[in-house]
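Ready for some practice in reading a protein model? Grab a pencil, look at the picture and try each task before you peek at the solution.

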Amino acid sequence: MFSKTSKTKQTATTNHGGSAAEKKGGLSVINADLRVTGDLISESDVQVDGSVNGDIRTRNLTIGQSGEVRGEIVADKIRICGSVTGQVRARDVSLADTARMMGDILHESLSIEPGAHIEGHCRRIEGLAEEGGLTVIQAGQVVASHIKKEHNK
């Protein structure tokens, strides 16, 4: 009934599934029909096409055209095509022509496509300090330094 080849295939499948679970990375997607209330913390990439009412901390974040976030966002890279209400802190921030941003943006690199809507201040981050802090520059003056990201484990 069971042959050696079947067992080998079954074992290989089990081992592959286990190694994928051990890996960090990948993409977590919040679909358009999903509403999340609460904070999201991820070490991988996140795509929001639905609604999030809470803070988001992740490596790379994409907010799709139908996506909506109400809360603070902290990431390395953010692409906004949908709606954000709250503060955004990232090295690289990109607003598409469909973006609606209501809040302040703390950035190292900022790109805004024509048609994007922004209500808030844009402040350049001088760079990340070695201990993980940020320096905020506003109108050529250092406003705050050593702002640290929260890491809850």
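Before we start, one definition: a residue counts as buried under 20% relative accessible area, as exposed over 50%, and as partly exposed in between (1.4 Å probe, protein chains only). Keep in mind that this is a predicted model, where local features need pLDDT of at least 70, side-chain atom pairs count only at pLDDT 80 or more, and totals for chains, interfaces and linings use all residues. Residues are numbered from 1 along each chain as its sequence is written, and side-chain values use heavy atoms, with hydrogens and water left out.

**Exercise 1. Get an overview of the protein.**

Step 1: Start with the secondary structure. The protein has 1 helix and 17 strands. Helices (H or I, at least four residues) and strands (E, at least two) are DSSP runs, numbered from the N terminus.

Step 2: Turn to burial. Of the 153 residues, 31% count as buried.

Step 3: Add the surface. The accessible surface is about 9600 Å², and 48% of that belongs to carbon and sulfur atoms. These areas come from the Shrake-Rupley method with a 1.4 Å probe; for residues, only the protein chains shown count as cover.

Step 4: Check the contacts (heavy atoms within 4.5 Å). Take those between residues at least 6 apart in sequence: 5% of them join residues at least 24 apart.

**Exercise 2. Work out the order of the strands in the open sheet of 6 strands, and say which strands stand at the edges.**

Step 1: Recall the rule for pairing. Two strands pair if DSSP finds at least two bridges between them.

Step 2: Write down the order. It reads S2-S5-S8-S10-S12-S14, with parallel pairing.

Step 3: Find the edges. S2 (35–37) and S14 (117–119) each have a single partner strand, so one side of each is left without a neighbour in the sheet.

Step 4: Look at the twist. From one strand to the next, the twist averages 5 degrees. For such angles, axes are lines fitted to C-alpha atoms (for helices over the stretch in contact), and the angles run from 0 to 180 degrees between N-to-C directions.

Step 5: Zoom in on one pair. S2 and S5 (residues 51–53) run parallel and are joined by 3 bridges, and Val36 has Val52 in S5 as its bridge partner.

**Exercise 3. Trace the strands that pair with S9, and go on to S4.**

Step 1: Begin with S6 (residues 56–57), which pairs with S9 in the parallel sense over 2 bridges. Here Arg57 has Val74 as its bridge partner.

Step 2: Take S7 (residues 60–63), which runs parallel to S9 and is joined to it by 4 bridges. Leu61 stands opposite Ile78 of S9.

Step 3: Move to S11, which pairs with S9 in the parallel sense over 7 bridges. One of the partnerships is Ile73 with Val88.

Step 4: Follow S7 to its pairing with S4 (residues 45–48), again parallel, over 4 bridges. In this pair, Asp45 stands opposite Asn60.

Step 5: Sort the faces of S7. In a regular strand the side chains alternate between the two faces of the sheet. Leu61 and Ile63 make up the covered face of S7, while Asn60 and Thr62 make up the uncovered one.

**Exercise 4. How many salt bridges are there, and which parts of the chain do some of them link?**

Step 1: Apply the rule. A salt bridge is a side-chain nitrogen of Lys or Arg within 4 Å of a carboxyl oxygen of Asp or Glu. That gives 7 salt bridges.

Step 2: Try Asp76 and Arg91, whose closest N and O atoms are 3.9 Å apart. Asp76 lies in S9 (residues 73–80) and Arg91 in S11 (residues 88–95), so the pair ties together parts that are 15 residues apart in sequence. Asp76 is partly exposed at 31% relative accessibility, and Arg91 is partly exposed at 38%.

Step 3: Try Arg79 and Glu113, with closest N and O atoms 3.3 Å apart. This pair links distant parts of the chain, 34 residues apart: Arg79 is in S9, and Glu113 is in the loop between S13 (105–112) and S14. Arg79 is partly exposed at 29%, as is Glu113 at 31%.

Step 4: Finish with a network. Salt bridges link Arg57, Glu72 and Arg89.
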